[in-house]
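Good morning, colleagues. Please have the sequence and the structure open while I speak.

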Amino acid sequence: MKTVTEFKKMKDKGKKISVVTCYDYWSSLIIDESDIDAVLVGDSAAMVMHGFETTVNAELEMMCYHITAVKRGLKNKFLIGDLPFLTHRKSLVHLMKSVDKFMKAGAQAVKLEGAEGNFELIEHLVKSGIPVMGHLGLTPQSVYQFGGFKLQGKDLYSGEKIFKDSLSLQEAGCFSIVLEMIPADVAKRITEELYIPTIGIGAGPFTSGQVLVLHDLLGMNKDFNPKFVRKYVNGYGLIKEALNNFNKDIKENKFPQTNESY
Ligand code: KIV
């Protein structure tokens with residue numbers, strides 16, 4: 001299993017880090033036997049698995065439920081749990097209780113969004129032995145403040161702000177930072193200046209690694225086609241075809257056959 005120390009070495013050697021999201025047992029079994037380096041139980045679970053419009057609806061119990069299921073199938077991959085909306089903004093006590101639940105559910109690290117106001121919290125987690133992944137740029141829990149899922153850091157000021165935030169997250173002790181939906185040149189500068197790895201999503205090719213939502217790269221949502229997603233398979237089409245073939249075989253009395261019966 002690759003760990004935080006390996007991820008740092010990979011960055012130093014210029015080897016790219018691959019991360020995917022995962023929310024359930026059956027896909028964790030497949031990922032566990034794949035070449036992927038690390039797994040994120042993202043709060044995108046609220047959207048992908050539960051059909052909510054934003055990640056604001058992710059709850060602690062929901063995330064622990066997904067982490068537990070993923071952990072049952074994931075033996076060989078580093079597992080990062082995504083702290084849901086406001087977990088780190090209520091109080092230090094609430095944060096520590098939540099992280100305790102995450103780690104006991106099977107997470108080996110936690111991810112939290114944003115930098116401002118989080119420095120002491122991250123420092124406290126790191127000093128308590130918890131690896132912390134930061135998340136900058138389009139932090140989806142702030143979607144209403146951004147006015148939508150939009151590219152961040154486009155102008156000089158906001159690009160500089162993300163850069164400064166990345167330095168402060170590194171100083172607080174983060175082992176890595178997700179950079180989401182920012183211009184490639186901003187992500188390049190951050191990646192070059194930091195000694196910890198950056199993991200990009202919609203942040204161009206110059207980050208230390210890339211993360212995608214599993215269902216996006218599997219093409220499971222035919223209506224979700226942002227520029228930054230590459231669909232490696234038409235999962236939606238393949239599954240629909242399989243279901244229709246199953247239905248057809250039933251209707252035409254072709255399933256089950258004698259060899260499929262007792
Ligand atoms: O929740 C999530 O899936 C994420 C990734 C997109 C980085 O935060």
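The axes of helix H6, residues 92-105, and helix H7, residues 119-127, come within 11 Å of each other and cross at roughly 40 degrees. I should state at once that this is a predicted model. Angles under 35 degrees count as roughly parallel and 65 to 115 as roughly perpendicular, with the rest between them oblique; H6 and H7 are therefore oblique to each other. The crossing of H6 past H7 is right-handed.

Which residues of H6 and H7 meet? From H6 there are Leu92, Leu95, Met96 and Val99, and from H7 there are Leu121, His124 and Leu125. By character, this contact of H6 with H7 comprises six nonpolar residues, one polar residue and no charged ones.

H6 also has a partner in helix H4, residues 60-73. Here the axes lie 8 Å apart, and the packing angle is about 20 degrees. H4 and H6 are therefore roughly parallel to each other. The crossing of H4 and H6 is right-handed. On the H4 side the contact uses Leu60, Met63, Cys64, Ile67, Thr68 and Lys71, and these meet Ser98, Lys101, Phe102 and Ala105 in H6. The residues of this contact divide into six nonpolar, two polar and two charged.

Let us stay with H4 and turn to helix H2, residues 25-32. How far apart are the axes of H2 and H4, and at what angle do these helices pack? The axes are 7 Å apart, and the angle is about 40 degrees. H2 and H4 are therefore oblique to each other. Their crossing is right-handed. Tyr25, Ser28, Leu29 and Asp32 of H2 make the contact with Ala69, Val70, Arg72 and Gly73 of H4. Among the residues of the contact of H2 with H4, four are nonpolar, two polar and two charged.

I now move from the helices to the strands. Strands of a sheet pair through backbone hydrogen bonds, either parallel or antiparallel. In which of these senses do the strands of the barrel pair? The pairing is parallel, and the eight strands form a closed barrel that runs E1-E2-E3-E4-E5-E6-E7-E8. From one strand to the next, the twist averages 25 degrees.

As an example, consider strand E5, residues 132-137, and strand E6, residues 176-180. Five bridges join E5 and E6 in the parallel sense. Within this pair, His135 stands opposite Val178 in E6.

Two local features of the backbone deserve mention. The first concerns Leu86, a residue with a positive phi of about 70 degrees although it is not a glycine. Where is Leu86 placed? Leu86 lies in the loop between strand E3, residues 78-82, and helix H5, residues 87-90.

The second feature is a cis peptide bond between Phe255 and Pro256, with omega at about -5 degrees. Pro256 is found in the segment after helix H12, residues 235-251.

Finally, I come to the division of the chain. How many domains are there, and what are their bounds? There are two: domain 1 covers 4-231, and domain 2 covers 235-262. The C-alpha centres of domain 1 and domain 2 are 39 Å apart.

To close, let me recall two points. H6 is roughly parallel to H4, whereas H6 is oblique to H7. The barrel is closed and has eight strands with parallel pairing. Thank you for your attention.

Methods
Residues numbered from 1 in each chain as written. Predicted model: local features only at pLDDT ≥ 70, side-chain atom pairs only at ≥ 80, totals over all residues. Heavy atoms only, no water. Axes fitted to C-alpha atoms, helices over the stretch in contact; angles between N-to-C directions. Helix = DSSP H or I, 4+ residues; strand = E, 2+ residues; numbered from the N terminus. Parallel < 35°, antiparallel > 145°, perpendicular 65-115°, else oblique. Left-handed = near helix turned anticlockwise from the far one by under 90°. Contact = heavy atoms within 4.5 Å. Nonpolar A, V, L, I, M, F, W, Y, C, P; charged D, E, K, R; others polar. Pairing = 2+ DSSP bridges. Domains from an automatic or database assignment.
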